[in-house]
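Subject: Structure for you to look at

Hello,

Here is the structure I said I would pass on. Please open it beside this email and follow along as you read.

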Amino acid sequence: MADRYKFFHKPDPEQSERVPPGQYLTKGFPVLTYGNTPAIETENWELKVWGLAAPARFTWSDMMAMAQTEFTKDFHCVTRWSKLDVEWTGIKVTDFMQHIELDPQATWVVKHCYGGYTTNLPLDDFLREENFFAHTLFGEPLNAEHGGPMRTIVPHLYAWKSAKWINGLEFVNTEEPGFWERNGYHRRGDPWKEERYGDL
Ligand SMILES: Nc1nc2c(c(=O)[nH]1)N[C@H]1C(S)=C(S)[C@@H](COP(=O)(O)O)O[C@H]1N2
Ligand SMILES: [Mo]
């Protein structure tokens, strides 16, 4: 236990209201990846859009030409660690979506990643002001382990929704569970309600 307490601790009272039930704070930033870490150069990186939206394809420079925003957000992993005040730079989902012609029938999105990971979200959870694509972490280019060159961040849900190495957005009109949603995690994953495990 001693070792564990070097890295994980109970929150100070002033921070405790920001820490969801059953979570411990970590000062470091653990890496949580199922499988291998893909190596992608920015010049080869692309983001494809398909399904219930006009098919589209975005290169790295397309993304860099969009409005860039800085974010400071808390990060909650379902394995019980939380990291407060993570500083990112990237592109708001709402700014990105200005470039997408969405079919009005679309109600869900499936995020597809380099390496094969997937996770799904209802559009209401995806199209929030606070959601973004991230390419910079604490002022440095996002490293491969944390999802570089480009990942997504969904601050209001457990971090398995924050897909690393994002490569595709598939818009659909049904719930199509992604990797962890099929493998025991909750279908939505609200940390404030402790939606950890699912029943799919
Ligand atoms: N492509 C991909 N994205 C992923 C994962 C993964 O295994 N593959 N793990 C998820 C989980 S469970 C968490 S907690 C966060 C961890 O992000 P980090 O490794 O930057 O801490 O990424 C999420 N996004
Ligand atoms: Mo996680």
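Buried means under 20% relative accessible area, exposed means over 50%, and partly exposed is what lies in between. By that scale Arg80, at 34% relative accessibility, counts as partly exposed. Please keep in mind throughout that this is a predicted model.

Backbone points

Arg80 sits in the loop between strand E5 (69-76) and strand E6 (81-92). Its phi is near 95°, a positive value in a residue other than glycine. Phe138 is another residue that has a positive phi without being a glycine, here about 45°. Phe138 belongs to the loop between strand E9 (132-137) and E10, and with a relative accessible area of 40% Phe138 is partly exposed.

Where is the cis peptide bond that joins Gly148 and Pro149? Pro149 is placed in the loop between strand E10 (140-141) and strand E11 (151-153). The omega angle of this bond is about 10°.

The sheet

Five strands make up an open sheet with mixed pairing, in the order E4-E3-E12-E7-E8. Its edges are strand E4 (56-59) and strand E8 (118-122), each of which pairs on one side only. On average, neighbouring strands in this sheet are turned by 15° against each other, direction ignored.

At one end of that order, E3 and E4 form a hairpin, with four residues between the two strands. They pair in the antiparallel sense, over four bridges. You can check this on two residue pairs: Leu47 stands opposite Phe58 in E4, and Val49 stands opposite Ala56 in E4.

The nonpolar cores

In soluble globular proteins, nonpolar side chains tend to be buried together. In this model the largest nonpolar core has 36 residues. Which residues have the most contacts inside this core? They are Met63, Phe96, Phe133, Leu169 and Phe171.

Several helices and strands supply at least two residues each to this core: strand E3 (46-51), helix H3 (60-64), helix H4 (93-96), strand E7 (108-113), helix H5 (123-126) and strand E12 (166-172). E12 gives the most, with three residues.

Met63 is a useful place to start when you look at the core. Leaving aside residues up to four places away in sequence, Met63 touches Trp45, Leu47, Phe58, Gln68, Ile91, Phe96, Phe133 and Met150. Leu47 and Phe58 in that list are the pair that stand opposite each other in the hairpin.

A second core is separate and has 14 residues, including Phe29, Cys77, Leu137 and Ala159.

Arg196

Arg196 is found in the segment after helix H6 (179-182). Is Arg196 buried or exposed? Arg196 counts as buried because its relative accessibility is 3%, and buried means under 20%. The Arg196 side chain makes a polar contact with the side chain of Gln23, at 3.0 Å. Not counting residues up to four places away in sequence, Arg196 touches Pro21, Gly22, Gln23, Val78, Arg80, Tyr158, Trp160, Gly184, Tyr185 and His186. Arg80 in that list is the partly exposed residue from the start of this email.

Thr37

Thr37 lies in the loop between strand E2 (24-26) and E3. With a relative accessible area of 36%, Thr37 is partly exposed. Among residues farther than four places away in sequence, Thr37 touches Ala144, Glu145 and Trp165. Thr37 and Lys164 are 127 residues apart along the chain, while their C-alpha atoms are separated by 9.5 Å.

The ligand

Lys164 also turns up around ligand 1. There are 20 residues around this ligand, and those that come nearest are Pro30, Tyr34, His146, Arg151 and Lys164.

Three distances are worth finding on your screen:

- An oxygen atom of ligand 1 is 2.6 Å from an N or O atom in the side chain of His146.
- A polar backbone atom of Tyr34 is 2.7 Å from an oxygen atom of ligand 1.
- A polar backbone atom of Leu32 is 2.9 Å from an oxygen atom of ligand 1.

Regards

Technical notes: Residues are numbered from 1 along each chain as its sequence is written. Chains are lettered from A and ligands numbered from 1 in the order in which they are written. This is a predicted model: local features need pLDDT of at least 70, side-chain atom pairs count only at pLDDT 80 or more; totals for chains, interfaces and linings use all residues. Side-chain values use heavy atoms; hydrogens and water are left out. A nonpolar core is a set of buried Ala, Val, Leu, Ile, Met, Phe, Trp, Tyr and Cys residues joined through side-chain atoms within 4.5 Å. Buried means under 20% relative accessible area, exposed over 50%, partly exposed in between (1.4 Å probe, protein chains only). Contact means heavy atoms within 4.5 Å. A polar contact is a pair of N or O atoms within 3.5 Å; within protein, one must be able to donate a hydrogen and the other to accept it, and residues adjacent in sequence count only if both atoms are side-chain atoms. Two strands pair if DSSP finds at least two bridges between them. Axes are lines fitted to C-alpha atoms, for helices over the stretch in contact, and angles run from 0 to 180 degrees between N-to-C directions. A residue is near a molecule or strand if one of its heavy atoms lies within 4 Å of it.
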